[in-house]
Amino acid sequence: MGKVNLLVKYCLRNANNEYNIKGIFTNDQELKFKLENSKMLLDKKNLILERDTNDLKLIFDFNNNKCNIYEKSSHINLVLDINILELVNKDNYFKVRYKIEEDEYQISIEIKDID
């Protein structure tokens with residue numbers, strides 16, 4: 001598919017953010033984009049979201065209800081359980097609401113149009 005325009009809505013705890021950004025959609029399954037200071041990769045086929053920052057690498061495996069957090073400087077790896085509350089995976093839209101312990105999170109990604 002190539003370059004796409006995205007509307008990304010991201011809710012962490014009680015903070016809501018919305019971004020109109022560009023991304024790259026490859027093999028009609030993987031969506032790559034930058035969000036704040038993070039490189040993001042969404043594998044729509046395997047339902048995996050990766051977030052890579054300078055300090056952390058987070059891998060959300062929504063198929064297996066796991067979140068893997070790797071702290072780069074100390075090489076500490078932590079695996080947490082995810083409780084999926086809602087999951088929508090359509091051609092041009094992805095949304096997941098989930099809880100880790102008592103905190104609720106959400107990300108939705110809409111592919112608006114193709115360059």
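Trainee: Where does K95 lie in this model?

Mentor: K95 lies in strand 10. Keep in mind that this is a predicted model.

Trainee: Why is K95 called buried?

Mentor: Its relative accessible area is 17%. Buried means under 20%, so K95 counts as buried.

Trainee: Which residues is K95 in contact with, leaving aside its neighbours within four places in sequence?

Mentor: Those contacts are E86, L87, V88, Q106, I107 and S108. Each has heavy atoms within 4.5 Å of K95.

Trainee: Let's turn to the rings. How many aromatic pairs are there?

Mentor: The count comes to five aromatic pairs.

Trainee: What makes the pair of F60 and F62 stacked?

Mentor: Look at the angle: there are 10° between the planes, and the centres are 6.0 Å apart. Pairing asks for centres within 6.5 Å, and stacked asks for planes under 30 degrees apart, so F60 and F62 meet both conditions.

Trainee: And why is the pair of F62 and Y98 called tilted?

Mentor: Their ring centres are 5.6 Å apart, with the planes at 55°. Stacked needs under 30 degrees and edge-to-face over 60; 55° fits neither, so this pair is tilted.

Trainee: Where in the chain are F62 and Y98?

Mentor: F62 is in the loop between strand 6 and strand 7, while Y98 is in strand 10. The two are 36 residues apart, so this pair links distant parts of the chain.

Trainee: How do you know whether F62 and Y98 are buried or exposed?

Mentor: Use the 20% cut-off again. F62 has 3% relative accessibility and Y98 has 4%, so both count as buried.

How values were computed:
Residues numbered from 1 in each chain as written. Predicted model: local features only at pLDDT ≥ 70, side-chain atom pairs only at ≥ 80, totals over all residues. Heavy atoms only, no water. Helix = DSSP H or I, 4+ residues; strand = E, 2+ residues; numbered from the N terminus. Buried < 20%, exposed > 50% of the residue type's maximum accessible area, 1.4 Å probe, protein only.
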